Amino acid sequence: MQRILWGRATSSNVMKAVWALDELGLPYDRRDVGGKFGQTDTPAYRAMNPTGLVPTLQEDDFTLWESNAICRYLCAAHAPESSLWPQAPQARARVDRWMDAQQTVLNRPMSVVFWGLVRTPADKRDPAAIAQAVADTAKAYALIGAELTRHAFIAGDTLTLADIPWGVHVHRWFTMDFDRPEVPGLRAWYDRLLTRPAYRAHVARPLE
Ligand SMILES: N[C@@H](CCC(=O)N[C@@H](CS)C(=O)NCC(=O)O)C(=O)O
């Protein structure tokens with residue numbers, strides 16, 4: 001079976017998929033598309049992913065988009081026993097809840113902070129919008145911080161898929177140059193993630 005992960009390495013959503021692939025020890029080829037590489041507007045790419053976004057997973061003639069769905073599929077299809085996505089319904093639901101919350105609670109303010117501070121020239125920034133987004137992002141991180149003061153990872157004592165969507169963003173949070181609000185529990189968890197080879201290889205990279 002040939003497995004291809006379509007998407008540029010600088011995308012937070014691509015990072016989730018490659019981090020999960022490496023944690024599960026699954027081989028893949030990653031192909032650069034999206035951003036400065038383009039190619040996401042072609043009929044061939046849109047046939048795989050009608051949103052034109054990255055990432056897209058391709059396994060022979062099966063294709064899948066939405067980064068969190070890709071992470072869950074990889075566990076379900078190739079590592080059903082993995083502790084990354086526990087099988088017990090309540091444990092699994094707790095993991096899924098945090099994956100959803102990254103998309104619904106964290107993503108919007110964190111995008112404003114990241115795009116504002118990293119991808120926008122200093123003279124074009126909107127300081128008020130960034131300040132509001134920093135406050136909202138800190139509130140979102142406080143939700144997982146409350147969990148992380150009770151156990152080592154978001155959904156318990158071991159790494160699960162819950163850590164992956166939040167973990168890609170926390171590297172940006174601690175790497176951007178700004179006056180960062182303190183969130184109890186967050187830095188220790190980030191340091192824990194930094195001990196993982198897959199996280200260092202794909203997520204903890206210079207911001208661009
Ligand atoms: N909800 C989608 C969002 C995908 C998304 O917004 N991807 C961004 C990169 S992080 C993208 O494709 N941007 C346009 C591009 O890279 O060309 C997911 O989680 O996969």
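## Exercises on a two-domain model

Between domain 1 and domain 2, four residue pairs are in polar contact, both residues having pLDDT 80 or more; a polar contact is a pair of N or O atoms within 3.5 Å, where within protein one must be able to donate a hydrogen and the other to accept it, and residues adjacent in sequence count only if both atoms are side-chain atoms. The model is predicted, so local features need pLDDT of at least 70 and side-chain atom pairs count only at pLDDT 80 or more, whereas totals for chains, interfaces and linings use all residues. Residues are numbered from 1 along each chain as its sequence is written, and side-chain values use heavy atoms, with hydrogens and water left out.

**Exercise 1.** Find which residues form the salt bridge between E23 and its partner, and state how far apart the closest N and O atoms are.

*Solution.* Begin with the definition: a salt bridge is a side-chain nitrogen of Lys or Arg within 4 Å of a carboxyl oxygen of Asp or Glu. E23 meets this rule with R196, since their closest N and O atoms are 2.8 Å apart. Next, consider the interface of domain 1 and domain 2, across which the rule finds one salt bridge. Finally, look at accessibility, where buried means under 20% relative accessible area, exposed over 50%, and partly exposed in between (1.4 Å probe, protein chains only). E23 is partly exposed because its relative accessibility is 24%, and R196 is partly exposed because its relative accessible area is also 24%.

**Exercise 2.** Decide whether D41 and R46, which form a salt bridge, are buried, partly exposed or exposed.

*Solution.* First locate the pair, whose closest N and O atoms are 2.9 Å apart. D41 has 62% relative accessibility and therefore counts as exposed. R46, at 32% relative accessibility, counts as partly exposed.

**Exercise 3.** Describe the surroundings of T40, and say whether T40 is buried or exposed.

*Solution.* Start with its accessibility: T40 is buried, because its relative accessible area is 13%. Then list the contacts, where contact means heavy atoms within 4.5 Å: leaving aside residues up to four places away in sequence, T40 touches V33, G34, Y45, R46, G52 and V54. Last, follow the side chain of T40, which reaches the backbone oxygen of G52 at 3.5 Å.

**Exercise 4.** State how much area domain 1 and domain 2 bury between them.

*Solution.* Buried area is the accessible area (1.4 Å probe) that two parts lose on being put together, summed over both. For domain 1 and domain 2 the value is about 1400 Å², with 63% of it on carbon and sulfur atoms.
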